[in-house]
Amino acid sequence: MKVVWLHGPPAAGKLTVAKKLSEDFGYKLFHNHLTVDLSLSIYDAFGEKDFCEFTNQIRRIVLAKAQALGVTHLVMTSMTCSESDAQEIQKYLAFFIKQGIDVYPIHLNPVHKALYKRVMSEERADSHKLSCQHSLEKVLTKMVFKGIEHKKTLSIDNTDLSENEVAQLIVEHVG
């Protein structure tokens, strides 16, 4: 199975691009908020107790099941901070190797000005996604969103690219 792991800061366009890969190129879509929303159905707040550990466990179970079912192409999204999430990133990379999953980390990296504009979209307001410029500023000040260090990582500045253009770049990279 080939997994495109879209990562980057809030409002980078991860879900938008993931939907395009699903709709136009047949990728199974496994986005971050599926598991976040599931976990929030039993936890009182994001990040409390073992929330993150539980949520990542669910993700790995789903990825292993997709592999077992014969899914050939899957796109997953996550907001990963290269510093605070470093240990979890390594767990995922080890998991992919153990499962025989071919991973392609794709880092979406638009300029901050674009993030501030995108974070105010109506779609974000109707979800658990960050949808406030002030909160985004805090996240961007506190966290570093670099590409995952991996031989197949592709970093894309999608400030001025459409989701179609980004999806095409990804498909060409994955092969």
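# Close-up views of a predicted model

**Figure 1. Ala 11 lies in the loop that links strand E1 to helix H1 (14-25).** The structure shown here and in the following views is a predicted model. The phi angle of Ala 11 is near 70°, a positive value in a residue other than glycine. Most residues other than glycine have a negative phi. Ala 11 has a relative accessible area of 5% and is therefore buried, the limit for that class being under 20%.

**Figure 2. Lys 49 occupies the loop between helix H2 and helix H3 (51-69).** For Lys 49, phi is near 45°, again a positive value in a residue other than glycine. Is Lys 49 buried or exposed? Its relative accessible area is 75%, and because the exposed class begins over 50%, Lys 49 is exposed. This view may be read beside that of Ala 11, which is buried.

**Figure 3. Strand E1 (residues 2-7) is paired with E3 and with E4.** With strand E3 (residues 73-78), E1 forms six bridges in the parallel sense. With strand E4 (residues 102-108), E1 likewise runs parallel, and six bridges join the two. Lys 2 takes part in both pairings: its bridge partner in E3 is His 73, and its bridge partner in E4 is Asp 102. Five of the six residues of E1 are buried, so the strand is largely enclosed by the rest of the structure.

**Figure 4. Strand E4 also pairs with strand E5 (residues 154-156).** The pairing of E4 with E5 is parallel and comprises three bridges. Which residue of E5 is the bridge partner of His 107? The partner is Ser 155. Six of the seven residues of E4 are buried, so E4 is largely enclosed by the rest of the structure. E4 is thus shown with two parallel partners, E1 and E5.

**Figure 5. Arg 60 of helix H3 is shown with the residues it touches.** Leaving aside residues up to four places away in sequence, Arg 60 touches Glu 88, Lys 91, Tyr 92 and Phe 95. The relative accessibility of Arg 60 is 18%, and because the buried class covers values under 20%, Arg 60 counts as buried. One of its contacts, Tyr 92, is the subject of the next view.

**Figure 6. Tyr 92 is found in helix H4 (residues 86-99).** At 3% relative accessibility, Tyr 92 counts as buried. Which residues does Tyr 92 touch, not counting those up to four places away in sequence? They are Trp 5, Asn 56, Arg 59, Arg 60, Leu 63 and Met 76. Trp 5 falls within E1 (residues 2-7), and Met 76 within E3 (residues 73-78). Tyr 92 and Arg 60 are 32 residues apart in sequence, and their C-alpha atoms are 7.9 Å apart in space.

**Figure 7. A view of the one cavity of 30 Å³ or more in the structure.** The largest cavity has a volume of about 30 Å³. Its lining consists of Phe 30, His 31, Asn 32, Thr 35, Arg 59, Met 76, Thr 77 and Ser 78. Helix H2 (32-40) and strand E3 each supply at least two residues of this lining. The most comes from E3, which gives three residues. By class, the lining has two nonpolar, five polar and one charged residues. Arg 59 and Met 76, both part of the lining, are also among the residues that Tyr 92 touches.

**Figure 8. The setting of the close-ups within the whole protein, which has eight helices and five strands.** Read along the sequence, these elements follow the pattern β-α-β-α-α-β-α-β-α-α-α-β-α. The C-alpha trace spans about 40 × 40 × 30 Å along its principal axes. The radius of gyration is 15 Å, which agrees with the value near 16 Å that a compact globule of 175 residues would have. Buried residues make up 43% of the 175 residues. Of the contacts between residues at least 6 apart in sequence, 74% join residues at least 24 apart.

How values were computed. Residues are numbered from 1 along each chain as its sequence is written. This is a predicted model: local features need pLDDT of at least 70, side-chain atom pairs count only at pLDDT 80 or more; totals for chains, interfaces and linings use all residues. Side-chain values use heavy atoms; hydrogens and water are left out. Buried means under 20% relative accessible area, exposed over 50%, partly exposed in between (1.4 Å probe, protein chains only). Helices (H or I, at least four residues) and strands (E, at least two) are DSSP runs, numbered from the N terminus. Two strands pair if DSSP finds at least two bridges between them. On a 1 Å grid over the protein atoms alone, a cavity is a set of points where a 1.4 Å probe fits but cannot get out, and a pocket is an open set with protein on both sides within 12 Å along at least five of seven lines; lining residues have an atom within 4 Å of a point. Grid points are joined across faces, edges and corners, and a volume is the space filled by probe spheres set on the points. Ala, Val, Leu, Ile, Met, Phe, Trp, Tyr, Cys and Pro count as nonpolar, Asp, Glu, Lys and Arg as charged, and the others, Gly among them, as polar. The radius of gyration is taken over C-alpha atoms; the globule rule is 2.2 Å times the number of residues to the power 0.38. Contact means heavy atoms within 4.5 Å.
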